[in-house]
Amino acid sequence: MIRSDLGHLNCPFYEEKLDNGLRILLYPRKTKETSAVIYINQGGYPHDEEINSSKMPFGVAYLLEKMVMSDKTVDQLLQASTIGRSHTDFSYTLFQLDTLGDVFAPLKIVMDKIANIDFTEADVDEFKRQYLVAKDENPFTPSIKGLLNNMYFISPIRNGYQPTYEESVLIHASAMKKFLLRYYIAKEMTIMVSGDMTPSQFKEGLSKLRIPGNITTYNKELKFEEDYSKVKDTYSTGRFEVRESTLSFGIKLPKREKLYENYGQLLFDIYEVVLPILYSENPEFLTGVRSTDSYLDGCSLIQGGEDTSIILTFKTKSSPNALVTFLTDYHADLTKHLNRDRFSDYVKFYYADSIRLLSSPKKALLCFAKAYANSVPYTAIVGQVSKLSFSNFKTFLKELSTYPRSAFFIK
Amino acid sequence: MNSQNYLYSDSFSEMTIKRRIYLTKESTSPERLAFLAYLLNDSQVKKNKDRVSSYLGGKIVFDAVYYGDGYLLTASLSQVITKAFSYLFVDPFKKGRELLIKALSDGFSQDKNVFSGLLNEFVMKNRKKNSSYDSIRSGLGVPLFSLSLDIKALSSLSVFDVLNTLRECQEATTGDYLYFGPAMKNDPLLGLPPFKNDLSPISFHVLNDTPISSPYFSDETVSYLISFGKVTDHNDFFMIETALESLSLALKSICDKQFHSQIETNHFLLTTDKAILALTFKTGRIPSNIMSLLKTNALISVDPTPYVDDAIKIMNVRKIEVFSDYDDAFSLAHRGYSLGLKLSYDILDYEVPKKEKIQAAFKSMTVLQSYTAKKGGDER
């Protein structure tokens, strides 16, 4: 395995690509807890339109993840004194296992689950009834979906990655099984482990697992042309049973390919710090939002396929006009809200905070998985962020001020 | 308890110093103290220079909680432990401690617009809280739990009110410091100004045992005050927690099978011999046909023995969570310390209890009282 010690963090990790295409990563830590992640290089969006002549409906990735990490699997993992969790993002799907004992026994449970495909149509229907109906009551799902629909003309990112109950009606176990054969295979998979073990112990443990082979499937790629120069609607409203009104505000970034041409790897370093510097830790922004009888409830940067957006959600007491006006003015020239001292303090904080995250196997692997979606090791990003220059960041903000924006209000 | 206390764990690359300042019930109100903590946190974000964040990822966070007959204002400084930094002229830990003290002495911005903007935001955030279980915990004044706030009293706070509470905190003579993290070469609490009087281990006095109601509750909760044989260390603590978990699982099963009602359960120790067990009805209201089960004398006749194995599995999961999350670990250490438990060198070094011991613990349990939080009535 190849050892890399990046970013002067004193946190080395080991990596290897096996003959079958499976990637493996060990991040050794002297801790009692051991964590493992099965990383699937395919998230909820975008995926092939057809696999082996079957249409792949929206939401299939999300439901498949839930079938693999089903209540039954979680119970089996509990018997092995392990916490099992799973998550579908736009770009990847992950299965996470945390234990104070042997991590390879729970890893075997999940890998066997993937190899055996033991769920039925009845299991899928039961999940839809039990969880998707209840989740539709969450006001944030329609709020963010409404915003993405405003921002994008045709890109499937408009749907998010979690289907509603109505959307899930089209998803059947047979399609999910084809999806699994296409994406849950060695060459699309990375197994990451963090805990007190050597690379040879890691490889020995992995040798006992059933790794799914690379099966050839016939796929039809999903093709679409999104216009990144503008948004579909700059503002629209929706109605939902909520106690407080919610405003979602988004910035639509250019096609990822174009951004990467302009910024290269620097882009991912900027993504790490842009939200706190501009929003969640920016006093000028927070005070401005408060002056409109509103508060910032959350901010996120979402990436999937060629799409990238910044999404802010607010709770607001009154009509959204004052907040929308403030947001429009604030984004007219974002460089005006950048302070050199604050920038340098935040970069220092980010570096130290990464050490905090890297000390926990569970959190460290989540950081590695998130960075893996952009094919960069997490510790490399941390090292680069600590060298991020004020002028590069300022250039990015200057361009960010010019990107199209949209808002969606739920009363 | 001493004014300076050390709780060690080698499982994380982080350390926290918690400054705990005690105020009597007469000297302030929950609304004043909770909002003061909120204002002080905002002052940390707005600081223009000498920000703690640039010293080993420092963070200072204020909080206000119940403690015995009064309240605590806590200020927690956390910093990363690493060799990856070199400060030529500044000791980042010493600097962190200085800023921890300064954070309270500096106070908050008295600008009228800033104050009213933050108050408005704080009111909005508190108004949306709709968990009946949380209301029981705060309504009872459970030690170390967030203060229960009256929205009307909160909305009418003035700068003067909060300044008075700030002065009370600055001049407080009862309090202590807690250190949580790995053992360090130099004393991590060195140079911190001592308090005249130490804090006592927590006691619990029911502040309010009348039913709580709110039109905004999304669910309803019934909870029980349970007494048991005194616990002395973390092993005992987890034995009682596991016994309560078994009882919770038994009640869940009865509610499901006999009454077709889905419940969520929670339990926590109030003192070394008393705990709360809460049942929350997620579907909305407490069904009327279940009331016979919920009487205190009926509760104790429930047999939790068949559920002990499953409870042990759940406690194993909790142990994993404690090792993987610094905040959970510190919260556990803080509770254990505040209860006055005898703590081992590594605070997280405890055993998940054996079945026989848990069964013995059931025999020492008595239900003393019950409390409810239901939908209806005026907004608190």
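How far apart do the C-alpha centres of domain 1 of chain B and domain 2 of chain B lie? In this predicted model, the separation comes out at 29 Å. The domain assignment runs domain 1 of chain B over 4-181 and domain 2 of chain B over 212-375.

**Inside chain B**

Those two domains do touch: 21 residues of domain 1 of chain B are in contact with 30 residues of domain 2 of chain B. On the domain 1 side, the elements that chip in two or more residues are β1 (4-8), β2 (14-23), α4 (132-139) and β5 (175-181) of chain B. Of these, α4(B) supplies the largest share, 5 residues.

**Between the chains**

Now for the other partner. Chain B puts 30 residues in contact with 34 residues of chain A. Here the elements of chain B giving two or more residues are α1 (30-46), α3 (112-127) and α9 (308-324). The top contributor is α9(B), with 7 residues on the side that touches chain A.

**What the two sides are made of**

Here's the breakdown by residue class for each contact side.

| Contact side | Nonpolar | Polar | Charged |
|---|---|---|---|
| Chain B, touching chain A | 11 residues | 10 residues | 9 residues |
| Domain 1 of chain B, touching domain 2 of chain B | 11 residues | 8 residues | 2 residues |

So what does the charged column hold? The side of chain B that touches chain A has 9 charged residues, while the side of domain 1 of chain B that touches domain 2 of chain B has 2. The nonpolar count is 11 on the side facing chain A and 11 on the side of domain 1 facing domain 2 of chain B.

Note on methods: Residues numbered from 1 in each chain as written. Chains lettered and ligands numbered in written order. Predicted model: local features only at pLDDT ≥ 70, side-chain atom pairs only at ≥ 80, totals over all residues. Contact = placed C-beta atoms within 7 Å. Helix = DSSP H or I, 4+ residues; strand = E, 2+ residues; numbered from the N terminus. Nonpolar A, V, L, I, M, F, W, Y, C, P; charged D, E, K, R; others polar. Domains from an automatic or database assignment.
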